[in-house]
Amino acid sequence: MPYPVSVGVEPSLTNRNRLTTAFRLVLAIPHLILVGGIGLGLASHGDNRTTIGGEGGLFGAAAIFLAIVSWFTIVFAGRHITGIRQFTSFYLRWRVRALAYFMLLEDVYPPFGDAPYPASIEVADPPGPRDRVAVCLRILFAIPHIVVLIFVLMAWCFTTIAAWFIILFTGNYPQGLYEFGIGALRWRLRVEAYLLLMVDEYPPFSLM
């Protein structure tokens, strides 16, 4: 069965826009403030606490707060409030567009909000009752993915820096680096949707 979170990116390998690529970090700042970058990690504190952190901008902070609310509504009532689910889906749609632009997978400037874009995400509604045990222990279940993703996202940063130079000099994005970038984006958003309680199925350890 396909995973209920699917990410699609229309390939953009040749005739890349060198000017916007050169200034991509600056151009992406408004979107980074609103929906964040690719950051994800584990943080240790002096009082022996370890927390899981994400970096999702202002809308991401709201999505995390709503996921906490949803944790209670799902665990105790088996219900994911429709309005919360709609907002989180909106956030993820905006996020995939912003990340695809920021990480050089696309040159078209992403819209502020919902509009057609060559990068997209679809999250299928759960087909039946929610798995309250999986929701209750969601943070613990997600830790293996978070640990692996730290290294995947670090590699993605290095390949994107390499692609930045290659695009500036040749106008092309090497296919192997591009496919890895799409895979990292797909993995990152599957885990984020899982952490935000949009799905109960455990994400695959895969770039595909």
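**Figure 1. D125, an exposed partner in a salt bridge.** With a relative accessibility of 57%, D125 falls in the exposed class. This is a predicted model, so side-chain pairs like the next one count only at pLDDT 80 or more. D125 and R85 join their side chains in a salt bridge, at 2.9 Å from N to O. D125 sits in the loop between β4 and α6 (132-136), while R85 belongs to helix α5, so this contact ties together parts that are 40 residues apart in sequence. R85, on its side of the pair, is buried, at 11% relative accessible area.

**Figure 2. R95, E192 and R188, a view around one shared glutamate.** R95 and E192 meet through their side chains in a salt bridge, 2.7 Å from N to O. The link runs between distant parts of the chain, with R95 in helix α5 and E192 in helix α8 (residues 175-195), 97 residues apart. Are R95 and E192 buried or exposed? R95 and E192 are both buried. E192 also forms a salt bridge with R188, and here the closest N and O atoms are 3.2 Å apart. This second contact stays inside helix α8: E192 and R188 are four residues apart there, about one turn of the helix. Like E192, R188 is buried.

**Figure 3. R16, R24 and D107, one salt-bridge network.** The thing to look for here is sharing: salt bridges with partners in common join R16, R24 and D107 into one network. As general background, side chains of opposite charge can pair when their charged atoms come close. For the whole model, the salt-bridge count comes to nine. Keep R24 in mind for the next panel, since R24 is also among the residues that line the second largest pocket.

**Figure 4. The second largest pocket and what lines it.** This pocket has a volume of about 220 Å³. Its lining is made up of T21, A22, R24, L25, I38, F102, M103, L104, C157, T160, I161 and W164. Which helices supply at least two residues each to this lining? That would be α1 (18-22), α2 (24-27) and α7 (138-170). Of the contributors, α7 gives the most, with four residues. By residue class, the lining of the second largest pocket splits into nine nonpolar, two polar and one charged.

**Figure 5. A nonpolar patch on the surface.** L19, F23, V26, L27, I29, I33, L58, Y109 and F112 make up this patch, and together they have about 890 Å² of accessible area. Helices α2 and α3 (29-35) each put at least two residues into the nonpolar patch. One of the patch members, F112, comes from the loop between α5 (82-102) and β4 (119-123). If you're hopping between panels, α2 is one to follow, as it also supplies at least two residues to the lining of the second largest pocket.

**Figure 6. N15 and L197, two backbone oddities.** Most residues other than glycine have a negative phi. N15 goes the other way: it isn't a glycine, yet its phi is positive, at about 50 degrees. N15 is in the loop between β1 (5-9) and α1, and at 72% relative accessibility N15 counts as exposed. L197 is another non-glycine residue with a positive phi, this time about 70 degrees. L197 lies in the segment after α8. Is L197 buried or exposed? L197 counts as buried, with 2% relative accessibility.

**Figure 7. F59 and W71, two aromatic side chains on α4.** F59 is part of helix α4 (residues 57-77), and W71 lies in helix α4 too. F59 is partly exposed, at 25% relative accessible area, and W71 is also partly exposed, at 26%. For a sense of scale, F59 and P203 are 23 Å apart in space from C-alpha to C-alpha, with their positions 144 residues apart in sequence. How far apart in space are W71 and S120, C-alpha to C-alpha? W71 and S120 are 26 Å apart, and in sequence they are 49 residues apart.

Technical notes. Residues are numbered from 1 along each chain as its sequence is written. Side-chain values use heavy atoms; hydrogens and water are left out. On a 1 Å grid over the protein atoms alone, a cavity is a set of points where a 1.4 Å probe fits but cannot get out, and a pocket is an open set with protein on both sides within 12 Å along at least five of seven lines; lining residues have an atom within 4 Å of a point. Grid points are joined across faces, edges and corners, and a volume is the space filled by probe spheres set on the points. Ala, Val, Leu, Ile, Met, Phe, Trp, Tyr, Cys and Pro count as nonpolar, Asp, Glu, Lys and Arg as charged, and the others, Gly among them, as polar. Patches are made of residues with over 30% relative accessible area and no salt bridge: like charges are joined within 9 Å, nonpolar side chains (Val, Leu, Ile, Met, Phe, Trp, Tyr) within 5 Å. Accessible areas come from the Shrake-Rupley method with a 1.4 Å probe; for residues, only the protein chains shown count as cover. A salt bridge is a side-chain nitrogen of Lys or Arg within 4 Å of a carboxyl oxygen of Asp or Glu. Buried means under 20% relative accessible area, exposed over 50%, partly exposed in between (1.4 Å probe, protein chains only).
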